[in-house]
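Biologist: Got a minute to look at a model with me? I'd like to go through the fold.

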Amino acid sequence: MNMETRHWNDDDLLDRVYGLDPAPGLCLAHLDACPDCSARWQALELRRSAVTASQPLTPAAEQRLRNQRVAVFNRVERPRLAWIWRAVPAGAAAFLFFIGIALHRPAPQPPATQVASVTLTDEQLFAEIASVVNQDAPRAADPIRGLFAENSSKEAQ
Ligand SMILES: [Zn+2]
């Protein structure tokens, strides 16, 4: 038994679990011959096999995985929309934009108002104001008053 090589530490054992080459100075024969290193290696191997052993699936989990797989395949196999159908929204927006430009008319300009030049002398202005002030009813009542005057003249006939 070759006990002259050093013992394997945890890092060395993990390197062996992952399939890495042993560090320099380590010997595989020591792993088999040394009871301490051999026991630790066996425990690690047992733990690894327990972790990596496949667990049987419950029917619910199996059904869930099956549904997931079916959904993935349906999504992958679904035919993609043709490029023409993907361009429809952009085409509709462009169409409406050009229709808007074609139908656009500038707002009509308001007709130029002609302001009559009224020139009143001060005397005419004061006479106008005096006539308004001396009226007993406002001028706005004149059309209504005219209606009553017409009706009363018709009734008199
Ligand atoms: Zn050892």
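**Helices and open ground**

Modeller: Start with H6. Of its 16 residues, the number buried is zero, so H6 lies largely in the open. Keep in mind that this is a predicted model.

Biologist: What span should H6 have, at 1.5 Å a residue?

Modeller: The expected span for residues 88-103 is 22 Å, and the end C-alpha atoms are 22 Å apart, which agrees.

Biologist: And H7, how many of its 13 residues are buried?

Modeller: Zero, so to speak of cover: H7 is hardly covered. H7 runs over residues 122-134 and reaches 18 Å from first C-alpha to last, close to the 18 Å expected.

Biologist: Where is Gln-114?

Modeller: Gln-114 sits in the loop between H6 and H7.

Biologist: Buried or exposed?

Modeller: Exposed. Gln-114 has 6 other C-beta atoms within 10 Å, and a residue counts as exposed at 12 or fewer.

Biologist: How far is Gln-114 from Ala-43 in space?

Modeller: 110 Å, C-alpha to C-alpha, with their positions 71 residues apart in sequence.

Biologist: Switching to the whole chain. How many helices and strands?

Modeller: Eight helices and zero strands.

Biologist: What is the radius of gyration, against a compact globule of 157 residues?

Modeller: The chain has 54 Å, while such a globule would be near 15 Å. The C-alpha box is roughly 150 × 45 × 35 Å along the principal axes. Of the residues, 4% count as buried.

Biologist: Which domains are assigned?

Modeller: Domain 1 is 10-52, domain 2 is 59-99 and domain 3 is 127-151. The C-alpha centres of domain 2 and domain 3 lie 80 Å apart.

Technical notes: Residues are numbered from 1 along each chain as its sequence is written. This is a predicted model: local features need pLDDT of at least 70, side-chain atom pairs count only at pLDDT 80 or more; totals for chains, interfaces and linings use all residues. Domain bounds come from an automatic or database domain assignment. Helices (H or I, at least four residues) and strands (E, at least two) are DSSP runs, numbered from the N terminus. The expected span of a helix is 1.5 Å times one less than its number of residues. A residue is buried if 20 or more other C-beta atoms lie within 10 Å of its own, exposed if 12 or fewer, and partly exposed in between; C-beta atoms are placed from the backbone. The radius of gyration is taken over C-alpha atoms; the globule rule is 2.2 Å times the number of residues to the power 0.38.
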